[in-house]
Amino acid sequence: MKMTRDTVPQVTASILEKARELDLTNATVISLSGELGAGKTTLTQEIARQLKVKENIISPTFVIMKKYEVTDEKFKYLIHIDAYRLEKSEELMKLGWQEILEDKNNLIIIEWPENVPDCIPKDALTVKISHIDGDTREIEF
């Protein structure tokens with residue numbers, strides 16, 4: 001699926017719809033992969049907007065993780081994780097990953113999941129973003 005600035009709301013609505021359809025006993029995890037500047041945070045910001053998060057969403061590169069209350073029938077919290085600075089899965093585990101993952105009310109969006117592969121559940125919704133040109137991305141999920 002191609003994404004431009006104009007189609008970000010439609011693409012993220014599709015991703016969010018797919019996430020809501022998952023019937024899991026644990027948290028719902030969306031793993032976002034793509035090179036620097038591909039649009040991972042842009043997608044997260046739009047998902048947060050659609051979930052009516054009131055705070056300004058920025059990439060938690062330095063704090064690693066941010067938690068937001070959401071207005072949604074399925075999810076109570078959006079957990080945004082940026083694993084760019086993490087070197088191994090154990091680092092995420094030390095931040096309480098297991099407890100966050102066990103709460104089915106959580107929607108977890110994790111950027112750079114390839115840095116913490118042992119933490120990504122098999123039932124995670126995998127989203128891959130690729131540059132096509134300056135304004136267009138290819139989204140696979």
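This is a brief walk through the sheet, two helices and the largest pocket of a predicted model.

Start with the sheet. It is open, with seven strands in the order 1-7-6-2-5-4-3. The pairing is mixed. Which strands sit at the edges? Strand 1, residues 2-3, and strand 3, residues 65-69. Each of these pairs on one side only.

Now one pair from that order. Strand 6 covers residues 125-131, and strand 7 covers residues 137-140. They pair in the antiparallel sense, over four bridges. Within that pair, His 131 stands opposite Arg 137 of strand 7.

Next, the helices. Helix 1, residues 8-21, lies across strands 1, 2, 5, 6 and 7. Helix 1 runs at about 160 degrees to strand 6. Helix 2, residues 40-50, also packs on the sheet. Helix 2 touches strands 1, 2, 4, 5, 6 and 7. Against strand 5, the direction of helix 2 makes about 165 degrees.

How do the two helices cross? Their axes come within 9 Å and cross at roughly 75 degrees. Angles of 65 to 115 degrees count as roughly perpendicular, so helix 1 and helix 2 are roughly perpendicular to each other.

What makes up that contact? By class, eight nonpolar, three polar and two charged residues. On the helix 1 side, they include Val 8, Val 11, Ile 15 and Leu 16. On the helix 2 side, Leu 43, Glu 46, Ile 47 and Arg 49 are among them.

Last, the largest pocket. The space in it is about 160 Å³. What lines it? Met 3, Thr 4, Arg 5 and Val 8 do, along with Gly 37, Ala 38, Gly 39 and Thr 42. Gly 134, Asp 135, Thr 136 and Arg 137 complete the lining. By class, that lining has three nonpolar, six polar and three charged residues.

Two residues return here. Val 8 and Thr 42 line the pocket, and both take part in the contact between helix 1 and helix 2. Arg 137, opposite His 131 in the strand pair, is in the pocket lining too.

Technical notes:
Residues numbered from 1 in each chain as written. Predicted model: local features only at pLDDT ≥ 70, side-chain atom pairs only at ≥ 80, totals over all residues. Heavy atoms only, no water. 1 Å grid on protein atoms, 1.4 Å probe; cavity = no way out; pocket = protein on both sides within 12 Å on 5 of 7 lines; lining within 4 Å. Points joined across faces, edges and corners; volume = space filled by probe spheres on them. Nonpolar A, V, L, I, M, F, W, Y, C, P; charged D, E, K, R; others polar. Pairing = 2+ DSSP bridges. Contact = heavy atoms within 4.5 Å. Axes fitted to C-alpha atoms, helices over the stretch in contact; angles between N-to-C directions. Parallel < 35°, antiparallel > 145°, perpendicular 65-115°, else oblique.
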